[in-house]
Amino acid sequence: MHILYAEDSRAIARHVIAHLQALGHQVTHVANGRAAVEAYRLLPPDLVLMDVVMPELSGIEATREIKAMGGSRWVPLMIMTGLDSPQEMVAGLEAGADEYLIKPINFRVLEARINSLQRVAVIQDCLYGIFDNVFEGIVTIDGKGVITAFNKAAERIFGYAAAEVVGEKVNLLMPSPYREEHDAYLERYHREGTPHIIGFGRRVIACRKNGEHFPVMLAVTEVANANGHQYIGLLRDISAEEAAREQIEFLALHDALTGLPNRAQLNREIEQVLAAEKPAASLLFIDLDGFKPINDQLGHEAGDQALVTVAARLRHALAETHFVGRLGGDEFVILLQGVNDAEGALAAAQQAIAAISEPMDLLDPPRQRVLGASIGIALIPRHGRSRTELLTIADDAMYVAKRAGKRRAVLADDDRCPH
């Protein structure tokens with residue numbers, strides 16, 4: 001053990017130090033109470049032996065100051081007082097001392113007392129070993145919302161060292177407006193006893209040292225003791241889990257290559273349009289012209305780059321107000337919300353063809369290529385009242401555009417479209 005030994009008598013200190021060192025302990029000796037407080041602050045020991053009567057600062061006052069420092073780890077403190085001074089022993093224990101020793105010192109009693117305190121310290125170290133090595137963050141606060149303990153997992157989650165937050169208000173770990181509301185919540189709970197978080201596990205938003213807001217699962221338990229209320233918060237950073245779930249949900253409804261909505265999302269959109277009391281929309285079925293030579297001549301990487309470029313152009317040209325998706329391969333679709341007249345649908349189709357037909361640079365060094373598009377148009381509800389019917393009619397119209405020379409749009413009413 002590392003023992004901080006405060007004794008102003010060098011003669012007494014010399015014998016005690018020799019005995020403690022013979023038992024295998026490391027000893028830091030100071031000659032007054034003020035030096036004991038400073039030595040404790042610089043390097044907290046495993047045990048403090050404190051003489052009561054010392055110059056500059058008495059052992060009782062030094063004990064009070066040391067215990068007021070708090071800290072996540074309990075450090076036992078033993079006061080040493082004369083046999084004829086029971087009032088000093090009582091005063092020392094009331095100041096926060098954990099044990100006492102009568103002077104002159106009996107080395108066998110000293111050793112037995114140290115062993116007794118050491119057994120308690122071993123239990124504490126075992127508990128703190130668990131506390132600091134669990135995966136979940138553990139933050140404990142007192143009844144005023146002041147942080148009293150902060151484990152290693154909490155340090156990792158929040159980015160604070162324990163020394164930076166112990167003694168600070170727990171709302172330091174919260175974003176606004178929860179930061180400003182927390183003290184009032186604690187006061188209301190102490191007054192009314194109605195919990196909103198205590199005893200329940202729930203998702204809340206926390207704040208890292210760098211200012212980042214992130215989600216955690218938090219469970220708070222209340223522990224009542226002689227010192228008043230204490231609350232233990234068990235928390236888990238769920239930002240990675242939520243990001244993964246959001247990614248899975250995104251990929252379920254979006255094309256992985258271009259980021260555009262996929263067929264599943266298109267189906268939802270069409271069903272919503274058809275469910276309206278007065279549905280009004282246009283479905284544009286797009287097939288690229290000249291895409292296969294890019295894949296054949298430049299490879300699939302160039303083909304993927306071309307598809308991404310087309311998606312970006314369509315998104316920029318139309319997606320601010322309309323639905324743009326990719327069905328797969330080189331097939332895209334546009335759902336024009338609120339547009340179900342031939343003139344409006346054809347104008348949007350020509351806008352899409354113009355955007356797609358701009359030259360594009362592919363690969364590095366750049367290889368310039370030009371694509372086109374053939375588009376079939378179905379008006380809703382004029383050309384159908386089911387998703388399958390509308391997609392089939394628009395697809396058929398697209399093939400008419402292909403046969404008519406490509407790079408054009410054809411309305412399903414065109415006499416050349418099959419019915």
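Me: In β16, which residue is the bridge partner of L284?

Reply: The partner of L284 in β16 is I377. Keep in mind as we go that this is a predicted model. A second bridge to β16 brings D287 together with S374. These belong to a wider pairing: strand β11 (residues 281-289) and β16 run antiparallel, with nine bridges between them.

Me: What does β16 pair with in the parallel sense?

Reply: That is strand β17 (residues 409-411), joined to β16 by three bridges. For instance, I375 has A409 of β17 as its bridge partner. Helix α14 (residues 387-403) makes a β-α-β unit with β16 and β17, and this unit is left-handed.

Me: How many strands make up the open sheet, and in what order?

Reply: Five strands form the open sheet, and the order is β12-β13-β11-β16-β17, with mixed pairing. Because β12 (323-328) and β17 each have a single partner strand, they stand at the edges, and one side of each has no neighbour in the sheet. On average, neighbouring strands here are turned by 20° against each other, direction ignored.

Me: Which helix lies across β11, β13, β16 and β17?

Reply: Look for helix α13 (residues 342-356), which lies across β11, β13 (331-337), β16 and β17. The angle at which α13 runs to β16 is about 160°.

Me: Are the residues of β16 buried or exposed?

Reply: Strand β16 (residues 372-380) is mostly covered, and nine of its nine residues are buried. To read a strand like this, take its two faces in turn. On one side of β16 you find G372, S374, G376, A378 and I380, and on the other A373, I375, I377 and L379; both sets are buried.

Me: Where can I find a right-handed crossover to compare?

Reply: Go to the beginning of the numbering. Strand β1 (residues 2-6) and strand β2 (residues 26-30) are parallel and share five bridges. The chain passes from β1 through helix α1 (residues 10-22) to β2, making a right-handed β-α-β crossover. One bridge to pick out there is that of Y5, whose partner in β2 is H29.

Me: Now for the aromatic rings. How many aromatic pairs does the structure hold?

Reply: First the general idea: the distance between the ring centres and the angle between the planes describe a pair of aromatic rings. This structure holds two aromatic pairs. In one, the ring centres of F150 and F158 are 6.0 Å apart and the planes meet at 45°, so the pair is tilted. Both partners are covered: F150 counts as buried at 4% relative accessibility, and F158 is buried with a relative accessible area of 3%.

Me: What is the geometry of the pair F158 and F214?

Reply: Here the centres are 5.7 Å apart and the planes stand at 65°; angles over 60 degrees count as edge-to-face, so F158 and F214 make an edge-to-face pair. F158 lies in helix α6 (residues 152-158) and F214 in strand β9 (residues 213-225), so the pair ties together parts that are 56 residues apart in sequence. F158 and F214 are both buried. Through these ring pairs, F150, F158 and F214 are linked into a cluster.

Me: Which residue lies over the face of F214?

Reply: That is R208, at 3.7 Å from the ring centre of F214. You can look for a similar arrangement at Y100, where R113 lies over the face of the ring at 5.3 Å from its centre.

Terms used:
Residues are numbered from 1 along each chain as its sequence is written. This is a predicted model: local features need pLDDT of at least 70, side-chain atom pairs count only at pLDDT 80 or more; totals for chains, interfaces and linings use all residues. Side-chain values use heavy atoms; hydrogens and water are left out. Two strands pair if DSSP finds at least two bridges between them. Helices (H or I, at least four residues) and strands (E, at least two) are DSSP runs, numbered from the N terminus. A crossover is right-handed if, with the strands pointing away from the viewer, the path from the first strand over the helix to the second runs clockwise. Buried means under 20% relative accessible area, exposed over 50%, partly exposed in between (1.4 Å probe, protein chains only). Rings of Phe, Tyr and Trp (its six-membered ring) pair if their centres lie within 6.5 Å; planes under 30 degrees apart count as stacked, over 60 as edge-to-face and the rest as tilted. A charge sits over a ring if NZ of Lys or CZ of Arg is within 6 Å of the ring centre and within 35 degrees of the ring normal. Axes are lines fitted to C-alpha atoms, for helices over the stretch in contact, and angles run from 0 to 180 degrees between N-to-C directions. Contact means heavy atoms within 4.5 Å.
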